[in-house]
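User: I would like to learn how to read helices and empty space in a model. Can you take me through one case, feature by feature?

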Amino acid sequence: MRGMPRILHVVGARPNFVKIAPIMAALRQHPVVEQRLVHTGQHYDPRMAGGFFDDLGLPVPDHDLRVGSGTHAEQTAAVMTRFEPVLHAEAPDLVVVVGDVNSTLAAALVAAKRGVPVAHVEAGLRSHDRSMPEEINRVLTDQLSAILLAPTEQAAANLRHDGRPADAITVVGNVMIDTLLAHRDTLPWPAVDEARDLGERGYIVLTLHRPANVDDPARLAAILARVADAAAGVPVLFPVHPRTSRLLAGDAAGRLPAGVRPLEPLGYRRFLALMVGAAAVITDSGGIQEETTALGVPCFTVRDTTEWPRTLTAGTNRLVGANAAGLADAMADLRAGRRPAPMPRLEDGRASTRVADVLASHLGAAPRPADRLAAV
Ligand code: UD1
């Protein structure tokens with residue numbers, strides 16, 4: 001018979017690794033809880049996965065499902081069929097899923113149907129845009145989860161609006177920012193050779209990987225042209241996501257507008273260092289909107305909606321439209337010195353401690369936590 005309660009964490013893609021690292025570290029403070037890590041292999045190449053495990057001090061996964069790429073149905077189904085026997089063999093008391101990728105939903109669905117309680121970290125985020133695959137993953141994962149760990153008060157309100165029981169919801173803060181704060185003071189500089197040559201604030205960082213922005217070559221070309229135009233001669237350093245690089249392969253690579261310089265995908269610490277030194281960040285990522293807010297770096301988001309509305313009201317973020325039509329005006333404002341006021345401190349770096357306390361308490365391995373986050 002097994003004595004210690006067991007948690008099975010499931011991760012699959014780059015942003016998941018950043019979120020699970022501080023949670024696993026915080027749970028080590030509860031030595032009576034046993035932890036196991038499953039990597040679905042949704043992200044598999046070393047630049048997207050292995051390097052992140054090293055950077056973040058993550059343990060070698062106990063199970064690597066090696067699902068790889070595919071359509072949404074193929075990928076989700078592959079995680080489900082390969083995760084089910086692992087769940088059976090490990091017989092955990094709790095499954096922890098993070099974020100909103102296909103692996104998140106697939107693992108939650110398998111666990112919930114086998115009667116294993118699911119804890120969702122980053123519960124309640126909503127862009128209210130169902131054309132984003134992540135939005136569908138969020139809504140469904142939240143319906144399947146018994147423990148809902150919301151990053152903000154607004155996310156908790158979204159969960160209540162969707163009929164989730166109030167006693168299942170705890171506002172804990174953003175665990176991604178715990179990771180950022182743990183690394184911020186020891187980052188490498190220069191992040192890449194190009195950054196050394198250009199100097200701090202001498203460049204803009206660009207990331208693009210949303211299907212809506214990068215899967216159509218004409219649309220991607222139009223966005224890149226607007227970025228180059230708005231940068232007005234400031235070099236744009238562009239670590240290219242594999243999804244985006246497929247489109248920029250061959251001839252198209254030569255058609256990048258002048259001033260936009262492609263880079264390989266960077267590891268966690270080098271990418272954070274690149275953002276710290278940037279004059280501004282242009283992105284369509286969710287997490288980067290929060291990271292730039294925490295760093296105080298101006299962020300322009302190439303989308304119409306955000307799942308992180310506080311970055312617009314309390315942070316440096318500005319939505320410039322899915323076609324980047326608002327980017328030139330936003331950059332002109334920045335050059336004219338019209339930038340957001342310094343931000344209030346939104347995070348205390350203890351989100352993952354609160355997550356660990358809630359999980360341990362659920363497993364009977366700790367008293368009910370008293371440390372609740374003030375409204376954010
Ligand atoms: C996924 C997540 C997205 C997250 C992003 C972070 C979903 C629906 N989307 O999107 O929320 O923001 O990860 O990067 O889960 N590829 C490689 N090597 C890899 C991984 C992917 O070359 O290690 C290529 C493959 O050609 C693949 C494509 O990238 O088809 C897309 O990968 P996939 O995991 O399906 O989705 P992302 O666009 O990365």
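**Reading cavities, pockets and helices**

Analyst: Start with the lining of the largest cavity. Its residues divide into six nonpolar, two polar and one charged. Keep in mind that this is a predicted model.

User: Which residues line the largest cavity?

Analyst: The general idea comes first. Rolling a probe the size of a water molecule over the atoms shows where empty space is left. Here, the lining consists of Val121, Glu122, Leu149, Ala150, Pro151, Val172, Gly173, Asn174 and Val175. The space inside is about 50 Å³. The structure has one cavity of 30 Å³ or more.

User: How much space lies in the largest pocket?

Analyst: A pocket is an open set of points, whereas a probe in a cavity cannot get out. The largest pocket holds about 1200 Å³ of space. It is lined by 48 residues, and Pro15, His43, Met48, His209 and His241 are the closest to its centre. The lining counts 21 nonpolar, 15 polar and 12 charged residues.

User: Which helices each supply at least two residues of that lining?

Analyst: Helix 1 (14–27), helix 3, helix 5, helix 11 (242–248), helix 12 (268–276) and helix 13 (287–295) each do so. Two of these helices deserve a separate look.

User: Take helix 3. What span does it reach, and what is expected?

Analyst: Compare the end-to-end reach with 1.5 Å a residue. Helix 3 covers residues 72–90, 19 residues in total. From first C-alpha to last it reaches 26 Å, close to the expected 27 Å.

User: Where does helix 3 bend?

Analyst: At Phe83, by about 30°. Pro85, a proline, follows within four residues. Just after the helix, Ala91 takes a positive phi of about 45°.

User: Which residues of helix 3 are buried, and what covers them?

Analyst: An α-helix has 3.6 residues a turn, so residues three or four places apart point the same way. In helix 3, the buried residues are Gln75, Thr76, Ala78, Val79, Phe83, Val86, Leu87 and Glu90. Phe83 is thus both the bend site and a buried residue. The cover includes strand 1 (6–11), strand 2 (34–39), strand 3 (63–64), strand 4 (94–98) and helix 4 (102–113).

User: And helix 5: what are its span and its buried residues?

Analyst: Helix 5 runs over residues 133–144, 12 residues. Its reach is 17 Å, close to the 16 Å expected. Buried here are Glu134, Glu135, Asn137, Arg138, Val139, Thr141 and Asp142. Strand 4, helix 4, strand 5 (118–121), strand 6 (147–150) and helix 6 (153–161) are among what covers them.

How values were computed
Residues numbered from 1 in each chain as written. Predicted model: local features only at pLDDT ≥ 70, side-chain atom pairs only at ≥ 80, totals over all residues. Heavy atoms only, no water. Expected span 1.5 Å × (residues − 1). Bend = angle between axes of the 7 residues up to and from the residue. Buried < 20%, exposed > 50% of the residue type's maximum accessible area, 1.4 Å probe, protein only. Contact = heavy atoms within 4.5 Å. 1 Å grid on protein atoms, 1.4 Å probe; cavity = no way out; pocket = protein on both sides within 12 Å on 5 of 7 lines; lining within 4 Å. Points joined across faces, edges and corners; volume = space filled by probe spheres on them. Nonpolar A, V, L, I, M, F, W, Y, C, P; charged D, E, K, R; others polar.
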